[in-house]
Amino acid sequence: MGINAWLEGQSLLGQALIGAVVVAIVTFALNYASGAVAAAGTAAISGVVIGGTYYLGLRVFSE
């Protein structure tokens, strides 16, 4: 089973949470040179904003 098939089996909220976590991890890694606290804050904000919009987009366009 591939990643796409596995993700399609998840709920919309689950897909959004997985996407938000991936975005947060990548954002943290890219901003770590600025300091751990700043990178964590930026990652948290990015994860919430992008995860929330991803969830709303899935809800609107999934039907």
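## Contacts and burial in a three-helix chain

Among contacts in the protein chain between residues at least 6 apart in sequence, 44% join residues at least 24 apart. The model described here is a predicted one, and every value below is computed from its atoms.

### Overall form

The protein chain holds 3 helices and 0 strands, and read from the N terminus its elements follow the order α-α-α. Its radius of gyration is 13 Å, whereas a compact globule of 63 residues would be expected to have a value near 11 Å. Taken along the principal axes, the box filled by the C-alpha atoms of the protein chain is roughly 40 × 25 × 10 Å. Of the 63 residues in the protein chain, 17% are buried. The accessible surface of the chain comes to about 4,600 Å², and 71% of that surface belongs to carbon and sulfur atoms.

### Helices H2 and H3

Helix H2 has 20 residues and spans 28 Å from its first C-alpha to its last, close to the 28 Å expected at 1.5 Å a residue. Helix H3, covering residues 36-61, has 26 residues and reaches 36 Å between its first and last C-alpha atoms, which is close to the 38 Å expected at 1.5 Å a residue.

The buried residues of H2 are Gly14, Gln15, Ala16, Ala20 and Thr27, and what covers them includes helix H1 (3-8) and H3. In H3 the buried residues are Ala39, Ala43, Ser46, Gly47, Gly51 and Leu58, and these pack against H2. As a general point, an α-helix has 3.6 residues a turn, so residues three or four places apart point the same way.

### Individual positions

The table gathers the relative accessible area of five residues together with the class that each value implies.

| Residue | Relative accessible area | Class |
|---|---|---|
| Gly47 | 7% | buried |
| Thr27 | 14% | buried |
| Tyr55 | 26% | partly exposed |
| Leu12 | 28% | partly exposed |
| Val22 | 48% | partly exposed |

Gly47 has its place in helix H3, and it counts as buried because its relative accessible area of 7% falls under the 20% cut-off. When residues up to four places away in sequence are not counted, Gly47 touches Ala20, Ala24 and Gly52; one of these, Ala20, is itself among the buried residues of H2. Gly47 and Leu17 stand 30 residues apart in sequence, yet their C-alpha atoms are 8.7 Å apart in space.

Thr27, found in helix H2, is also buried, with a relative accessible area of 14%. Apart from residues up to four places away in sequence, Thr27 touches Thr42, Ala43 and Ser46, and of these partners Ala43 and Ser46 appear among the buried residues of H3.

Leu12 lies in helix H2 and is partly exposed, at a relative accessible area of 28%. Leaving aside its neighbours within four places in sequence, Leu12 is in contact with Tyr55, Leu58, Arg59 and Ser62. The separation between Leu12 and Gly2 is 10 residues in sequence and 18 Å in space, C-alpha to C-alpha.

The contact between Leu12 and Tyr55 can also be followed from the other end, since Tyr55, which lies in helix H3, touches Leu12, Leu13 and Ala16 when residues up to four places away in sequence are not counted. Tyr55 is partly exposed, with a relative accessible area of 26%. Its C-alpha atom is separated by 19 Å from that of Val26, which is 29 residues away along the chain.

### Surface patch and loop

Val26 belongs to a nonpolar surface patch of about 300 Å², which is made by Val22, Val26 and Leu30. Val22 is found in helix H2, residues 12-31, and counts as partly exposed at 48% relative accessibility.

Tyr32 is placed in the loop between H2 and H3, where it counts as partly exposed at 49% relative accessibility. The C-alpha atoms of Tyr32 and Gly19, which are 13 residues apart along the chain, are separated by 20 Å.

How values were computed:
Residues numbered from 1 in each chain as written. Predicted model: local features only at pLDDT ≥ 70, side-chain atom pairs only at ≥ 80, totals over all residues. Heavy atoms only, no water. Helix = DSSP H or I, 4+ residues; strand = E, 2+ residues; numbered from the N terminus. Rg over C-alpha atoms; globule rule 2.2 N^0.38 Å. Buried < 20%, exposed > 50% of the residue type's maximum accessible area, 1.4 Å probe, protein only. Contact = heavy atoms within 4.5 Å. Areas by Shrake-Rupley, 256 points an atom, 1.4 Å probe, with all protein chains shown as cover. Patch = residues over 30% accessible without salt bridge, like charges linked within 9 Å, V, L, I, M, F, W, Y side chains within 5 Å. Salt bridge = Lys/Arg side-chain N within 4 Å of Asp/Glu carboxyl O. Expected span 1.5 Å × (residues − 1).
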